[in-house]
Amino acid sequence: MKYTEHGLQISIDELRRLLTDAENEAKYHDKEGCIYIKGGEKPTITQYSVYAECNPTNHTYGVR
């Protein structure tokens with residue numbers, strides 16, 4: 001996964017892994033069953049907790 005002039009580039013394998021991680025977060029860590037994609041210069045993919053006091057999961061953390 002990396003930022004390009006066209007946006008966030010994600011390989012098909014990385015996307016599969018991201019979806020598996022998001023499904024596991026929803027199943028085992030009380031996260032929502034959906035992800036939020038925010039555009040801009042540094043797009044992010046975030047998954048929020050079903051409880052307000054918990055931190056969201058940033059699936060684009062560490063993207064170069």
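Which residues does S49 touch, not counting residues up to four places away in sequence? In this predicted model, the answer is D30, K31, E32, C54 and N55. We will come back to S49 after a walk through the rest of the chain.

## Overall layout

Let's start with the whole chain. There are 64 residues, and 23% of them count as buried. The secondary structure comes to one helix and five strands, and reading from the N terminus the order is β-β-α-β-β-β. Taken along the principal axes, the C-alpha atoms fill a box of roughly 35 × 25 × 15 Å.

How much of the contact map joins residues 24 or more positions apart? Among contacts with a separation of 6 or more, such pairs account for 35%.

## The helix and its two sides

Helix α1 covers residues 12–28, which makes 17 residues. At 1.5 Å a residue, a helix of that length should span 24 Å, and the end C-alpha atoms are indeed 24 Å apart, so expectation and model agree.

The buried residues of α1 are L18, A22 and E25. Looking down the helix axis, these buried residues fall within an arc of 60°, so they line one face of α1. The cover over them includes strands β4 and β5, the latter at residues 57–58. On the other side of the helix, the exposed residues are I12, D13, R16, E23, K27 and Y28.

## The nonpolar core

Which residues make up the largest nonpolar core? There are five: M1, Y3, L18, I45 and V63. L18 also appears among the buried residues of α1, which ties the helix to this core.

M1 is worth a look of its own. Leaving out residues up to four places away in sequence, M1 touches L8, Q9, I10, E14, L18, H59, T60, V63 and R64. Two of these partners, L18 and V63, are listed with M1 in the core.

## The three-stranded sheet

Three strands, in the order β3-β4-β5, form an open sheet with antiparallel pairing. Strands β3 (36–38) and β5 stand at the edges with a single partner strand each, so one side of each has no neighbour in the sheet. As a general reminder, strands of a sheet pair through backbone hydrogen bonds, in either a parallel or an antiparallel sense.

The antiparallel pairing of β3 with β4 rests on three bridges, and K38 has T44 of β4 as its bridge partner. These two strands form a hairpin with five residues between them, and G40 in the turn has a positive phi of about 115°. On the other flank, β4 and β5 pair in the antiparallel sense over two bridges. Here T46 has N58 of β5 as its bridge partner.

## T46 within β4

T46 sits in strand β4, which runs over residues 44–47. Is T46 buried or exposed? With a relative accessibility of 12%, T46 counts as buried because the value is under the 20% cut-off. Apart from neighbours within four places in sequence, T46 is in contact with I35, Y36, P56 and T57.

## D30, just after the helix

D30 follows α1 and lies in the loop between α1 and β3. What is notable about the phi of D30? The angle is near 55°, a positive value in a residue other than glycine. For context, most residues other than glycine have a negative phi. D30 has a relative accessibility of 40%, so D30 counts as partly exposed.

## Back to S49

S49 is found in the loop between β4 and β5. Although S49 is a loop residue, its relative accessibility is 11%, and therefore S49 counts as buried.

Where does the side chain of S49 reach? One polar contact is with the backbone oxygen of D30, at 3.4 Å. Another is with the backbone nitrogen of Y51, at 3.1 Å. D30 thus brings two stories together: the positive phi after α1 and a backbone oxygen reached by the side chain of S49. Around S49, the touching residues K31 and E32 are listed alongside D30, as are C54 and N55.

Terms used
Residues numbered from 1 in each chain as written. Predicted model: local features only at pLDDT ≥ 70, side-chain atom pairs only at ≥ 80, totals over all residues. Heavy atoms only, no water. Helix = DSSP H or I, 4+ residues; strand = E, 2+ residues; numbered from the N terminus. Buried < 20%, exposed > 50% of the residue type's maximum accessible area, 1.4 Å probe, protein only. Contact = heavy atoms within 4.5 Å. Core = buried A, V, L, I, M, F, W, Y, C linked by side-chain atoms within 4.5 Å. Expected span 1.5 Å × (residues − 1). Arc of directions from axis to C-beta. Polar contact = N/O pair within 3.5 Å; in protein donor to acceptor, adjacent residues only side chain to side chain. Pairing = 2+ DSSP bridges.
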